[in-house]
Amino acid sequence: MVNPDGGASRPAPTGPIECDLTVVGAGPSGLYATYYAGFRGMRVALVDSLPELGGQVTAMYPEKAILDVAGFPSVKGRELVDGLVAQALTAEPVQLLGRTASDLEVDDDGVSLSLDDGTVVRSKTMLITAGIGKFSPRPLPAADGWVGRGVEFFVPSFAPYVDRDVVIVGGGDSAFDWALHLEPIARSVTLVHRRDAFRAHERTVKEVQGSSVEIITQAQVTALRDADGGAEGPLASVEITVDGVARTRPAQAVVAALGFIADLGPLQKWGLETDRRHIVVDTTMRTSLPRVFAAGDITEYPGKVRLIAVGFGEAATAVNNAAVVIDPSAHVFPGHSSEGS
């Protein structure tokens, strides 16, 4: 899932990049939109603040099994992204990775997007597929000073947890998914949550409850210690407090799966109509700004369902409608891809 063209390290061009469609966000929806725009003959620029293609899937759960993508009974996040990248690169997009979109200007002829490194992308249309925007993990107060020293917020690889005592803090999908995946390889897995109710998918909760994972509810992790009871050496144990009573569990690794804080950043200053940090779109995926479309988790409309599978359909809808903005003589529906094979 490394950028094949080295876009993150490529120096900024001396003049504006010219294209038909700028895609902001290189997650699953953005990658599919890039491919589909190429299928419709568009020149594409692909922008993302992360240094690699794949968005949140690459950054947060590359090893997670994804169960709700059509055609795949189960597919790991990294495998899904690998396929999407290979497909997207057939469009030969200009890749602008590790760069954040900052300013946007819209006129009668197109849009001008300025990036934080000084690059300017001039395009006839733009598609925002930025997921939840930039995100940062919610901190675990007791873990102050331990991040990177036994405490992590995401699990990009399972290898560091082999034969270790692992404590996972949280009650959402990520916490339960990681508990399920780490249980066969770790020495022990303990899941700590401050409530009795969980936000995770019911099926996953039942699987974890039927495993060897110890689930402690109405509890919080209140301290982390090294082997000498201090905070200088490698992590050796955690203190878990339940109803005011502290108990100690061995732990060489803690995963703080407490969710993350989303931030639309500069997008909030572009004049887009938003609803609770999501961009409002119509049935064509148009935003409140002319020539600007959106697709994927960042969108909001009545009945919105936030799934990768839904994002794929929204991306195709947006690209097909953008094609008509670029060329009014074009058709929204280009025909089935099988007709051209």
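Reader: Which residue in strand 12 is the bridge partner of Val169?

Author: Val192 is the bridge partner of Val169. The model is predicted.

Reader: What makes strand 11 and strand 12 a pair?

Author: Two strands pair if there are at least two bridges between them. Strand 11 (residues 165-169) and strand 12 (residues 188-192) have five. The cut-off is met, so they count as a pair. Their sense is parallel.

Reader: Where do these strands sit in their sheet?

Author: The order is 10-17-11-12-13, in an open sheet of five strands. The pairing is parallel.

Reader: Why are strand 10 and strand 13 said to stand at the edges?

Author: Strand 10 (151-152) and strand 13 (214-216) each have a single partner strand, so one side of each lacks a neighbour in the sheet.

Reader: How do you know that strand 15 and strand 16 pair?

Author: Count the bridges. Six join strand 15 (residues 235-242) to strand 16. At least two are needed, so this is a pair. The two strands run antiparallel. Val238 stands opposite Arg249 in strand 16.

Reader: What sheet do they belong to, and which strands are its edges?

Author: Three strands form an open antiparallel sheet in the order 14-15-16. Strand 14 and strand 16 (245-250) each have a single partner strand, so each is an edge with one side left without a neighbour. Neighbouring strands here are turned by 25° against each other on average, direction ignored.

Reader: What does strand 14 give to the second largest pocket?

Author: Strand 14 (residues 219-226) gives four residues to the lining, the most. The pocket has a volume of about 290 Å³. It is lined by 17 residues; the closest to its centre are Leu140, Val169, Arg194, Gln220 and Leu258. Val169 is the residue bridged to Val192.

Reader: How is that lining divided by class?

Author: Nine residues are nonpolar, five polar and three charged. Val and Leu count as nonpolar and Arg as charged.

Reader: What angle and distance describe the packing of helix 1 and helix 6?

Author: Helix 1 (residues 28-39) and helix 6 (residues 308-326) pack at about 35°, with axes 8 Å apart. The crossing is right-handed.

Reader: Which residues of helix 1 meet helix 6, and what is the contact by class?

Author: Pro28, Ser29, Tyr32, Ala33, Tyr36 and Ala37 are the helix 1 side. They meet Ile308, Gly311, Phe312, Ala315, Ala316, Val319 and Asn320 in helix 6. Ten of the residues in this contact are nonpolar, three are polar and none is charged. Gly counts as polar, so Gly311 falls in the polar class.

Definitions and conventions: Residues numbered from 1 in each chain as written. Predicted model: local features only at pLDDT ≥ 70, side-chain atom pairs only at ≥ 80, totals over all residues. Heavy atoms only, no water. Axes fitted to C-alpha atoms, helices over the stretch in contact; angles between N-to-C directions. Left-handed = near helix turned anticlockwise from the far one by under 90°. Contact = heavy atoms within 4.5 Å. 1 Å grid on protein atoms, 1.4 Å probe; cavity = no way out; pocket = protein on both sides within 12 Å on 5 of 7 lines; lining within 4 Å. Points joined across faces, edges and corners; volume = space filled by probe spheres on them.
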